[in-house]
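Grab your viewer and try these short exercises on how two chains meet and how their sheets are put together. Each one has a worked solution to check yourself against.

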Amino acid sequence: MTRPTNDRAQADHSRPLTTDPGLVRVEAALRELREPAPAALADRSLVAIGLVDSWEMFSTALGPVGVAWNGRGVTMVDASEDATAFEARHRQLVGRPLVSGARMPDRLRQAIERRLSGDRRASVPLDLRGRAEFERDVWLKTLEIPKGEVRPYGWIAAEIGRPKAVRAVGTALGRNPVPLLVPCHRVVRTDGTIGQYSLGGPDNKRRALEAEGVDVVRLERLSAGGIRFLGSATTHVYCLPTCHRAQRISDRHRVGFHSTAEAAGAGFRACRVCRPVSVAA
Amino acid sequence: MDDMELTALLAVDLDAAFETLVRGHTDRCHAIALRLLGRPADAEEVTQDTFLRAYRALADYPPERIRELRLRPWLAAIAVNLARNRRRRLSDRAPALSLAAVPADGDLATYDPPAGPATSPEAVSIGHAERDRWAALLAALPEHYRLPLVLRYVDDQSYAEMSEALGRPEGTLKSQVHRGLGLLRAAWDAAEREEAIA
């Protein structure tokens, strides 16, 4: 870009203020104090504003992942094999220019590290500009699922007030740009099987859940038998199988249900923590 | 693209046009901040903050106001204010002794110029060492002389632009620039004399 020229119509800098040679020398010396800024400074300013993203690598239970961010928050998490693949994915998913010269602020880095290691209290700002409201509703609801627990797609749909949008919830989760930070691996199919995962497929989803202490094999065994809910014969409360309250039920008092109707018919009420709902699978 | 075309674009689509503004004005905002603050790390942070403030301001301005903006003095004013605040904060924490050496009334007889940065002639070219000494002398001037000198010579502004950026009449600025140049020359000569004696 050329030097800006408006404002300069009555430019008076050509008219010398002084002809005193001593002062002319000082003027010349001061002009010498112009110095170009570091090459990456403009990029860093643009990243801070959020018009350009930067990215760096983090290590997780699933191996190294790249995290794209700007001054407003994290914009993408992806396990691409190399920089070229990461850039291509970022172009497709985010669409903003991507640079690598900006240093992530320490506070953001620490928050991301804590969240990736499972600390839900670490607050990581997310920049989800340009996403549909429905998608954001799905992702924000997913943030509420505790570590080590899973919820079916239909549960998200019911919780955000769109009980019939089960398939749309699945699609929105598949487009989650920030997996692990928004724990879409904790959302499973209504029949209890694990389902798809955007960060490297179903095997990675299983690994992510097992790393958090979810007994995936037991979950699959329950679902194979058609069991969707577990109740306690002492409290007469029924839960989703991974709800921490369901995990406290002793073997002797555990009762399995295929549907909420069956549980209600047996005189059980729904848990107020995991709020189980029936969804046509 | 000149600044008038740029303000027209900023008024229509801020996000699309702002990158051009950042790329076109980073060098000068950085130069202003560097000569007001001295430390590169401070200058870089002030430059980033300048554009962040500018972006937020433009996001709130109605399009007519953006079209009428004169970007050079407007950005300079933001950079100067941020640099001033930072300098005040820094000097509260650790008073920089060398920066208080010039008496405000410019009494040159008692003026004790600050020592220039320690440089060994072998390591640094004369040009570089000389520049650093001018920079140190400039940094030691009282703010009401230093600011106009930086905008005038480091940023190449017209007096009309300086008047807008600093909110001072052009006549005042001209005499401050003239006085500032004289103070700098005197400080330079005094340092030379001292070197000759030593």
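**Exercise 1.** Work out how helix H2 of chain A and H3(B) are oriented to each other.

*Solution.* Keep in mind that this is a predicted model.
- Start with the axes: those of H2(A), residues 41-49, and H3(B) come within 9 Å and cross at roughly 45°.
- Now classify the angle. Roughly parallel needs under 35 degrees and roughly perpendicular needs 65 to 115, so H2(A) and H3(B) come out as oblique to each other.
- As for the hand, H2(A) and H3(B) make a right-handed crossing.
- Next, who does the touching? H2(A) brings Leu41(A), Arg44(A), Ser45(A), Ala48(A) and Ile49(A), while H3(B) brings Glu44(B), Thr47(B), Gln48(B), Phe51(B), Leu52(B) and Tyr55(B).
- Sort the residues of this H2(A)–H3(B) contact by class and you get six nonpolar, three polar and two charged.

**Exercise 2.** Do the same for H1(A) and H9(B): at what angle do they pack?

*Solution.*
- H1(A) covers residues 21-31, and its axis lies 9 Å from that of H9(B), at an angle of about 95°.
- That value falls in the 65 to 115 window, so H1(A) is roughly perpendicular to H9(B).
- On the H1(A) side the contact uses Gly22(A), Leu23(A), Val26(A) and Glu27(A); H9(B) answers with Leu181(B), Gly182(B), Leu184(B) and Arg185(B).
- By class, the H1(A)–H9(B) contact has four nonpolar, two polar and two charged residues.

**Exercise 3.** Zoom out to the whole contact between the chains: how many residues does each chain put in?

*Solution.*
- Chain B contributes 45 residues and chain A contributes 34.
- On the side of chain B that touches chain A, helices supplying at least two residues each include H1 (3-12), H2 (14-37), H3 (40-60) and H9 (170-197) of chain B.
- The biggest giver on that side is H2(B), with 13 residues.
- The class count for the side of chain B that touches chain A is 21 nonpolar, nine polar and 15 charged.

**Exercise 4.** Find which strands stand at the edges of the sheet E3-E2-E1-E4 in chain A.

*Solution.*
- This is an open sheet of four strands with mixed pairing, in the order E3-E2-E1-E4 (chain A).
- E3 (73-78) and E4 (98-99) of chain A are the edges: each has a single partner strand, so one side of each has no neighbour in the sheet.
- Check one pairing: E1(A), residues 53-60, and E4(A) run parallel, paired over two bridges. For Ser54(A), the bridge partner in E4(A) is Val99(A).
- Something also lies across this sheet: H4(A), residues 106-116, crosses E1, E2 (63-70) and E3 of chain A, at about 40° to E1(A).

**Exercise 5.** Take the sheet E9-E7-E8-E10 of chain A, then decide whether Thr234(A) is buried or exposed.

*Solution.*
- Again you have an open four-stranded sheet with mixed pairing, ordered E9-E7-E8-E10 (chain A).
- E9 (254-257) and E10 (269-270) of chain A sit at the edges, each with a single partner strand, so each has one side without a neighbour in the sheet.
- E7(A) and E8(A) run antiparallel and are joined by two bridges; Leu230(A) has Cys239(A) as its bridge partner in E8(A).
- Thr234(A) is in the loop between E7 (229-232) and E8 (237-239) of chain A.
- Exposed means 12 or fewer C-beta neighbours; Thr234(A) has 10 inside 10 Å, so Thr234(A) counts as exposed.

Note on methods. Residues numbered from 1 in each chain as written. Chains lettered and ligands numbered in written order. Predicted model: local features only at pLDDT ≥ 70, side-chain atom pairs only at ≥ 80, totals over all residues. Contact = placed C-beta atoms within 7 Å. Nonpolar A, V, L, I, M, F, W, Y, C, P; charged D, E, K, R; others polar. Axes fitted to C-alpha atoms, helices over the stretch in contact; angles between N-to-C directions. Parallel < 35°, antiparallel > 145°, perpendicular 65-115°, else oblique. Left-handed = near helix turned anticlockwise from the far one by under 90°. Pairing = 2+ DSSP bridges. Buried ≥ 20, exposed ≤ 12 C-beta atoms within 10 Å, placed from the backbone.
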